[in-house]
Amino acid sequence: MIQVIVKMKEETITGFHIEGHSGYAKSGSDIICSAISALAINCVNSIEELTQDKFSVDSDEQRGMIDFQLTGAISKESQLLLKSLILGVKEISKTYGSQYVTLINR
């Protein structure tokens, strides 16, 4: 199962941690893992290209892990991009089931 943890400070999204493999299909054919990865990578790349916000990011392909943390001032643009990531994850979980993807706010 893929676990998506949304990092929060009061009402502000400060980052996310994604880890695991969905188990929907074998590696290389798993559309859920691919979709979650694409959403996360696009979010990070968009924040890097479209905002001035500073962040740290770490990943481990074997564990299916991406850890993203905003490290300074947080713009409205970054919040919108992070909310878009969360919306995409929610839709994938609703479509395919929470046995493959779970979303947790912390």
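**The largest pocket, the strands and a surface patch**

Helix H1 gives the largest share of the lining of the largest pocket, namely six residues. I should say at once that what we have here is a predicted model, so please take what follows as a description of that model.

Staying with this pocket, its volume comes to about 520 Å³, and 24 residues line it, with His21, Cys33, Ser37, Glu61 and Gly64 lying nearest its centre. The elements that give two or more residues to this lining are helix H1, which spans 31-50, strand S3, which spans 55-60, and strand S4.

Let me turn to the strands. Strand S1, residues 2-9, runs antiparallel to S2 and is joined to it by seven bridges, with Lys7 standing opposite Gly15 in S2. Together S1 and S2 make a hairpin with two residues between them, and in that turn Glu10 has a positive phi of about 60 degrees. S2 also pairs with strand S4, residues 65-70, again in the antiparallel sense, over four bridges, and here Phe16 stands opposite Phe68 in S4. How many of the eight residues of strand S2 are buried? Six of them are, and strand S2, residues 12-19, is thus mostly covered.

Finally, the surface. Tyr24, Ile31 and Tyr96 form a nonpolar patch there, and together they have about 270 Å² of accessible area. Tyr96 belongs to helix H2, residues 76-96, and we call Tyr96 partly exposed because its relative accessible area is 33%, which falls between the 20% limit for buried and the 50% limit for exposed.

Methods
Residues are numbered from 1 along each chain as its sequence is written. This is a predicted model: local features need pLDDT of at least 70, side-chain atom pairs count only at pLDDT 80 or more; totals for chains, interfaces and linings use all residues. Side-chain values use heavy atoms; hydrogens and water are left out. Patches are made of residues with over 30% relative accessible area and no salt bridge: like charges are joined within 9 Å, nonpolar side chains (Val, Leu, Ile, Met, Phe, Trp, Tyr) within 5 Å. Accessible areas come from the Shrake-Rupley method with a 1.4 Å probe; for residues, only the protein chains shown count as cover. A salt bridge is a side-chain nitrogen of Lys or Arg within 4 Å of a carboxyl oxygen of Asp or Glu. Buried means under 20% relative accessible area, exposed over 50%, partly exposed in between (1.4 Å probe, protein chains only). Two strands pair if DSSP finds at least two bridges between them. On a 1 Å grid over the protein atoms alone, a cavity is a set of points where a 1.4 Å probe fits but cannot get out, and a pocket is an open set with protein on both sides within 12 Å along at least five of seven lines; lining residues have an atom within 4 Å of a point. Grid points are joined across faces, edges and corners, and a volume is the space filled by probe spheres set on the points.
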